[in-house]
Amino acid sequence: MGSRLVGLALLCAACVAVPASAASLNASTFPARILAAHNVERAQAGMPPLAWDPALGNAAAFYAQQMAMTGVFAHSDRSKRRGTGENLWMGSHAAFSVEAMVGGWSSEKRYFKPGIFPNNSRTGDWEDVGHYTQMIWPTTQRVGCAVASTPRLDYLVCRYATAGNIDGRPVP
């Protein structure tokens, strides 16, 4: 990862810039595995595959590290990531594979119905499908993700370009 993360890691001895801390989060295979997990869902939805974007991955790593340092699990400020979508996940440290993390978002497809966003949820609440719709958004072409960990928690951040979940746009 970039030198900014190394500097951040020095500020937070309990935080580890990952993907690497858990055996299932091997740094050398992380991008390929998380990209594959996304592209399986996109293929099933009839969408073209995403490409890995290192700049999005670096931005995701910076924000994942920030959440790990502060313990605040919340979306980043949209005005600081214009044109970029974001999915977040948090779980027990070293307990989940990359595929299981993304699988949490993918599981939302059980509530998904094609239509005009935000009317894409069988429950009537778009937040029940928001991670999934970002993953399969028709005009999204690139993704970058990272995990940061504390001794107790893993924080996954994925950034998407272009952003999805835009009101009034169709999601087939």
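1. Start with helix 4. In this predicted model, the cover over the buried residues of helix 4 includes two helices: helix 2 (30–44) and helix 5 (130–136). Strand 3 (84–92), strand 5 (142–149) and strand 6 (153–161) are also among the covering elements.

2. Which residues of helix 4 are buried? Helix 4 spans residues 98–106, and its buried residues are Val98, Met101, Val102, Trp105 and Ser106. Viewed down the helix axis, these buried residues fall within an arc of 145 degrees, so they line one face of helix 4.

3. Strand 5, part of that cover, also holds serine 149. Is serine 149 buried or exposed? Its relative accessibility is 1%, and buried means under 20%, so serine 149 counts as buried. The side chain of serine 149 has a polar partner: the side chain of aspartate 154, at 2.4 Å.

4. Now the whole chain. How many helices and strands does the chain have? The secondary structure comes to five helices and seven strands. Along the sequence, the order is α-β-α-β-α-β-α-β-α-β-β-β. Helices and strands alternate up to the last helix, and the pattern ends in β-β-β.

5. Contacts across the sequence come next. Take the contacts between residues at least 6 apart in sequence: 69% of them join residues at least 24 apart.

6. Burial and surface close the note. The chain has 172 residues, and 44% of them are buried. The exposed area of the chain is about 8,200 Å². Carbon and sulfur atoms supply 57% of that area.

Key: Residues numbered from 1 in each chain as written. Predicted model: local features only at pLDDT ≥ 70, side-chain atom pairs only at ≥ 80, totals over all residues. Heavy atoms only, no water. Buried < 20%, exposed > 50% of the residue type's maximum accessible area, 1.4 Å probe, protein only. Helix = DSSP H or I, 4+ residues; strand = E, 2+ residues; numbered from the N terminus. Arc of directions from axis to C-beta. Contact = heavy atoms within 4.5 Å. Areas by Shrake-Rupley, 256 points an atom, 1.4 Å probe, with all protein chains shown as cover. Polar contact = N/O pair within 3.5 Å; in protein donor to acceptor, adjacent residues only side chain to side chain.
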